[in-house]
Amino acid sequence: MKYKCIIFDCDGVLVDSESISNSTLVDMAKSIGVTIQLDFAMTHFLGKSLQFCFDYIESLAPRKLPDTFEEEFRERTFEAFRTQMQPIPGVHELLSKINIDICVASNGPAEKIRLNLTTTQLIDRFEGNIFSAYDIKSWKPNPELYLHAAKSMGYTVEECVVIEDSLAGVQAAQAGGFDVFAYVNSHTEDLFKNLDIPLFHDMNNLYNLLN
C-alpha cells in the first residue's frame, strides 16, 4: 500500500449519521418558521460545522434561534444515534483488511464521535486515535484538523490519505496537501465532478483504490 496512515472522516464515511442529523435540523427549523427541504440539507449542510447550519437557519428565521437550540439538537440527535445509527455498508469488512494505522478526524465533538463509533461497534479500531475539530477550535474546510491528526499519528502529509464524503472535507484535505478519496452517492456525486480526485461508491472500491 502506498500510504502509512488513513485518516477517515466519521459522519457519512464510517457511520450513516447524516440523514439523522439533517432530518433533525429540518424538523427544528420548521418549528421556528423556516422551511428547508431534506435534499437541500443533505447537500448543502454536508460536512459543514454545526454553527454554519445554525447560522443558515437563523438567516431565514423571523427571530434569533432560541438559546436552547443547540442543546435540543444534541439531545435529539444523540438519542437517535443510540437507537438508529448504522455503520456505512462494508466498512467493517474494509477495516478488517487494512493493516496500516488508521484514525478518525471529524468536525463533531469527541463525545459524539465516540458514541457513534461505539453504537456501530467500530470504537475498538479507533480508540486513542480520535481527533475532533472542537479540540483544536478549527473546523473543515480549514485544513488544521487533518494536519493535527497526521502529526499526532506521527506521519507526514505525504504518508497519509484522507477519506471524505463532503466538499468541505475534501477542501480541507486538499488545502493541507493530502491525497483524498471521496465517498459519493446520488446526492453528492455532482459536487465533486470538477475535482481531480478518485471517487468511489462503496467500500470495496475504496480497498482497491488504496492498493
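# A guided tour, starting at Gln 121

Select Gln 121 to begin: its relative accessibility is 68%, so this residue counts as exposed. Keep in mind as you look around that you have a predicted model open. Gln 121 sits in the loop that links helix H6 (110–119) to helix H7 (123–126). Check its backbone too: phi is near 60°, a positive value in a residue other than glycine.

**The sheet**

Now switch to a cartoon view and find the strands. Six of them make an open sheet, ordered S3-S2-S1-S4-S5-S6, with parallel pairing. Strand S3 (130–132) and strand S6 (199–200) are at the edges; each has a single partner strand, so one side of each has no neighbour in the sheet. Next, colour strand S1 (residues 5–8) and S4, which pair in the parallel sense over four bridges. Pick Phe 8 there, and you will find its bridge partner in S4, Ile 163.

With the sheet still in view, bring back H6, the helix just before your starting loop. H6 packs on the sheet, where it touches strand S2 (101–106) and S3, and its direction makes about 140° with that of S3. Then add H9, which lies across S1, S2, S3 and S4 and runs at about 150° to S2.

**The cores**

Time to show side chains. Which residues touch the most other members of the largest nonpolar core? Of its 35 residues, they are Phe 8 and Leu 117. A second, separate core has 23 residues, including Cys 5, Cys 103, Leu 145 and Ala 182. As background, nonpolar side chains in soluble globular proteins tend to be buried together.

Centre on Leu 117 and display its surroundings. Beyond its neighbours within four places in sequence, Leu 117 contacts Cys 10, Leu 14, Val 15, Val 104, Leu 122, Ile 123, Phe 126 and Ile 130.

**Around the loop between H8 and H9**

Move on to Pro 141, in the loop between helix H8 (133–136) and H9. The peptide bond leading into it from Lys 140 is cis, with omega near 20°. Lys 137 lies in the loop between H8 and H9 as well. Is Lys 137 buried or exposed? Its relative accessible area is 59%, so Lys 137 is exposed. Its phi is near 60°, again positive in a residue other than glycine.

For a contrast, select Ser 49, in the loop between helix H2 (38–44) and helix H3 (50–60). At 18% relative accessibility, Ser 49 counts as buried. Setting aside neighbours within four places in sequence, its contacts are Asn 107 and Trp 139.

**Helix H10 and strand S5**

Now select helix H10 (residues 167–175), where Ala 168, Gly 169, Val 170, Ala 172 and Ala 173 are buried. These buried residues pack against helix H9 (144–153), strand S4 (160–164) and strand S5 (179–183). Just after H10, stop at Gly 177, which takes a positive phi of about 90°.

The last stop is Tyr 183, in strand S5. With a relative accessible area of 15%, Tyr 183 is buried. Draw a C-alpha to C-alpha distance to Phe 200: the two are 17 residues apart in sequence and 5.1 Å apart in space. Finally, expand the selection around Tyr 183. Outside the neighbours within four places in sequence, its contacts include Gly 12, Val 13, Ile 88, Glu 164, Asp 165, Phe 200 and Met 203.

Notes:
Residues are numbered from 1 along each chain as its sequence is written. This is a predicted model: local features need pLDDT of at least 70, side-chain atom pairs count only at pLDDT 80 or more; totals for chains, interfaces and linings use all residues. Side-chain values use heavy atoms; hydrogens and water are left out. Buried means under 20% relative accessible area, exposed over 50%, partly exposed in between (1.4 Å probe, protein chains only). Helices (H or I, at least four residues) and strands (E, at least two) are DSSP runs, numbered from the N terminus. Contact means heavy atoms within 4.5 Å. A nonpolar core is a set of buried Ala, Val, Leu, Ile, Met, Phe, Trp, Tyr and Cys residues joined through side-chain atoms within 4.5 Å. Two strands pair if DSSP finds at least two bridges between them. Axes are lines fitted to C-alpha atoms, for helices over the stretch in contact, and angles run from 0 to 180 degrees between N-to-C directions.
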